[in-house]
Amino acid sequence: MKKILLTILLGASFYGFSQDVKFGVRGGYNISNLDFKDTPIMENKHRNSFYFGAFSDIAFSKGFSLVPELQFSAEGAKDEVLNLDYIQMPIFLKFRLAEKLRFGIAPQVGLKVHKEEDMMKNFAYSGVAGLDYKISYSLFADVRYTYGFSNIFDDNVNAEAKNTNIQIGVGFKF
């Protein structure tokens, strides 16, 4: 009898704390550049590229949600040597500002892909802030700014730069 009562109580508590979970995809345009500590020896022009990814939106209330993502993002600078392509995972905390507007902040980790032994670190750590505008029930537009916390160059390279990135795009919730 005690086991049955415990099972009912646990089931009721999990039901009471269940969240509204939606899944979706997003993609768009990147404007990326490197923020060098000293004057760079090469020309440092921004790189225009793209990003795409998938996310889940876990709503804890009408005004607060947790949004983990997985995305591919082509970043770095325009010079081929400074091209950095990442698989990234931001974990957003999103807050509703108005009926159609949400603000989000996130820590982000990135794994560099497609290049090896190029004097760049394989992992990048950054912070992200962004705004989402709800166009319809399932379609939204967003803009984000990412600033790297870690040096992109290996420790044995005598240079220091951090990645910066602006993302402008659209997304779709299923």
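Visitor: How many helices and strands does the secondary structure of the chain come to?

Guide: Welcome! In this predicted model, the chain has 1 helix and 8 strands. Following the sequence from its start, you meet them in the pattern α-β-β-β-β-β-β-β-β.

Visitor: What share of the residues in the chain is buried?

Guide: Of the 174 residues in the chain, 39% are buried. You can also look at the outside: the accessible surface comes to about 10500 Å², and carbon and sulfur atoms account for 67% of that. Contacts tell another part of the story. Among those between residues at least 6 apart in sequence, 55% join residues at least 24 apart.

Visitor: Which residues make up the largest nonpolar core?

Guide: Let me begin with the general idea. In soluble globular proteins, nonpolar side chains tend to be buried together. Here, the largest nonpolar core has 11 residues: Leu34, Phe36, Ala77, Leu82, Leu84, Tyr86, Met120, Ala124, Ile152, Phe153 and Ala161. Strands β1 (20–36) and β4 (83–98) each supply at least two residues of this core. Apart from this core lies another, of 6 residues, including Phe55, Phe92, Ala106 and Val128.

Visitor: Which residues is Met120 in contact with, leaving aside its neighbours within four places in sequence?

Guide: Met120 is a helpful member of the largest core to click on. With those close neighbours in sequence left aside, Met120 is in contact with Val81, Leu82, Leu84, Lys112, Ile152, Phe153 and Asp154.

Visitor: Now for empty spaces. How many cavities of 30 Å³ or more does the structure hold, and what lines the largest cavity?

Guide: A cavity is a space that a probe fits into but cannot leave. The structure holds 1 cavity of 30 Å³ or more, with about 140 Å³ of space in the largest cavity. Its lining has 20 residues, and Glu75, Tyr86, Ala124, Ser126 and Asn163 are the closest to its centre. By class, that lining divides into 7 nonpolar, 11 polar and 2 charged residues. Strands β4, β5, β6, β7 and β8 (161–173) each supply at least two of the lining residues, and β6 gives the most, with 4.

Visitor: Is Ser126 buried or exposed?

Guide: Ser126 has a relative accessible area of 8%, so it counts as buried. You will find Ser126 in strand β6. Beyond its neighbours within four places in sequence, Ser126 is in contact with Ala106, Pro107, Gln108, Thr146, Tyr147, Gly148 and Phe149.

Visitor: What about the largest pocket: what is its volume, and which residues lie nearest its centre?

Guide: The largest pocket has a volume of about 520 Å³. Its lining consists of 25 residues, and Lys22, Lys62, Arg102, Lys134 and Lys173 lie nearest the centre. The lining as a whole has 8 nonpolar, 5 polar and 12 charged residues. Strands β1, β2 (47–61), β3 (64–76), β4, β5 (101–113), β6 (123–134) and β7 (139–148) each give at least two residues to the lining of this pocket.

Visitor: Let us turn to the loops. Is Lys78 buried or exposed?

Guide: Lys78 is exposed because its relative accessible area is 55%. Its place is in the loop between β3 and β4. Apart from neighbours up to four places away in sequence, Lys78 is in contact with Lys45, His46, Arg47 and Asn83. Lys78 and Leu34 are 44 residues apart in sequence, and their C-alpha atoms are 9.6 Å apart in space.

Visitor: Is Ser138, in the loop between β6 and β7, buried or exposed?

Guide: Ser138 has a relative accessibility of 15%, so it counts as buried. Not counting residues up to four places away in sequence, Ser138 touches Gly171, Phe172 and Lys173.

Visitor: One last feature: what is phi of His114, and what is phi of Glu117?

Guide: Here is the general idea. Most residues other than glycine have a negative phi. In this structure, phi of His114 is near 80 degrees, a positive value, and phi of Glu117 is near 50 degrees, also a positive value. His114 is in the loop between β5 and β6, and Glu117 lies in the loop between β5 and β6 as well. His114 is exposed, with a relative accessible area of 54%, and Glu117 is exposed, with 83%.

Methods: Residues are numbered from 1 along each chain as its sequence is written. This is a predicted model: local features need pLDDT of at least 70, side-chain atom pairs count only at pLDDT 80 or more; totals for chains, interfaces and linings use all residues. Side-chain values use heavy atoms; hydrogens and water are left out. A nonpolar core is a set of buried Ala, Val, Leu, Ile, Met, Phe, Trp, Tyr and Cys residues joined through side-chain atoms within 4.5 Å. Buried means under 20% relative accessible area, exposed over 50%, partly exposed in between (1.4 Å probe, protein chains only). Contact means heavy atoms within 4.5 Å. Accessible areas come from the Shrake-Rupley method with a 1.4 Å probe; for residues, only the protein chains shown count as cover. On a 1 Å grid over the protein atoms alone, a cavity is a set of points where a 1.4 Å probe fits but cannot get out, and a pocket is an open set with protein on both sides within 12 Å along at least five of seven lines; lining residues have an atom within 4 Å of a point. Grid points are joined across faces, edges and corners, and a volume is the space filled by probe spheres set on the points. Ala, Val, Leu, Ile, Met, Phe, Trp, Tyr, Cys and Pro count as nonpolar, Asp, Glu, Lys and Arg as charged, and the others, Gly among them, as polar.
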